Amino acid sequence: MNPLSAISMFASPQVGGQLPVEKLKANIPAAELRTLEGAGAVGQMRDALPLGKAAPGQGFGDVLGNFVNEVNSKQANAADTVNGLMSGEGVSLHQAMIAMEEASVSFQLMVEVRNKLLETYQELMRMQI
């Protein structure tokens, strides 16, 4: 969403409902206008990315649960691939190595996310109210 259109959505009804975007643009210096329009483009690109996007109504716990399940499936896939390699089922060494590295990297990412969440929780607990 473009920041300028977002501002016009929050205009009060006393000033005529939604403000026209062109009138807002006329009052903003050119450099700041480019920054705001760039922020809108970044927001559109971010919305287009499928990564980390939760379905509507999906909670934070559901997102974390899906992430853990995905890491678990990669670990199971790596174990199956290694077993296929060792039993001679036509799995190449490259496929086994790629599956193991993919599982390893996803597990390391999960541990880092956990560490950041724990660090954030501890920081919140140290804050004085």
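Salt bridges and surroundings of helix α5

Guide: In this predicted model, K74 and E102 form a salt bridge, with their closest N and O atoms 2.7 Å apart. The pair links distant parts of the chain, since K74 sits in helix α4 (residues 60–86) and E102 in helix α5, 28 residues apart.

Visitor: Is K74 buried or exposed, and what about E102?

Guide: K74 has a relative accessible area of 23%, so it counts as partly exposed, and E102, at 39% relative accessibility, is likewise classed as partly exposed.

Visitor: Why would two such side chains pair at all?

Guide: Side chains of opposite charge can pair when their charged atoms come close.

Visitor: OK, and how many salt bridges are there by this rule?

Guide: The count comes to three salt bridges. Besides the pair of K74 and E102, there is one in which the side chains of K116 and E119 meet, at 4.0 Å from N to O, and one between R126 and E123, at 2.9 Å from N to O.

Visitor: Where do K116 and E119 lie?

Guide: Both K116 and E119 belong to helix α5, three residues apart, which is about one turn of the helix. K116 is exposed, because its relative accessible area of 52% is over the 50% cut-off, whereas E119, with 47%, is partly exposed.

Visitor: And what separates R126 from E123?

Guide: R126 and E123 are separated by about one helical turn, because they are three residues apart in helix α5. With a relative accessible area of 56%, R126 is exposed, while E123 counts as partly exposed at 45% relative accessibility.

Visitor: Changing topic, where is S106?

Guide: S106 is located in helix α5, which covers residues 93–126. Its relative accessibility is 11%, and because buried means under 20%, S106 counts as buried.

Visitor: What does the side chain of S106 reach?

Guide: The side chain of S106 reaches the backbone oxygen of A103, at a distance of 3.0 Å.

Visitor: Which residues does S106 touch, leaving out those up to four places away in sequence?

Guide: With those left out, S106 touches V71 and K74; K74 is also the residue that forms the salt bridge with E102.

Visitor: One more thing, which residues make the nonpolar surface patch?

Guide: The patch is made by L118, Y121, L124, M125 and M127, and its area is about 550 Å². One of these residues, L118, lies in helix α5, and L118 is partly exposed, with a relative accessible area of 42%.

Terms used
Residues numbered from 1 in each chain as written. Predicted model: local features only at pLDDT ≥ 70, side-chain atom pairs only at ≥ 80, totals over all residues. Heavy atoms only, no water. Helix = DSSP H or I, 4+ residues; strand = E, 2+ residues; numbered from the N terminus. Buried < 20%, exposed > 50% of the residue type's maximum accessible area, 1.4 Å probe, protein only. Polar contact = N/O pair within 3.5 Å; in protein donor to acceptor, adjacent residues only side chain to side chain. Contact = heavy atoms within 4.5 Å. Patch = residues over 30% accessible without salt bridge, like charges linked within 9 Å, V, L, I, M, F, W, Y side chains within 5 Å. Areas by Shrake-Rupley, 256 points an atom, 1.4 Å probe, with all protein chains shown as cover.
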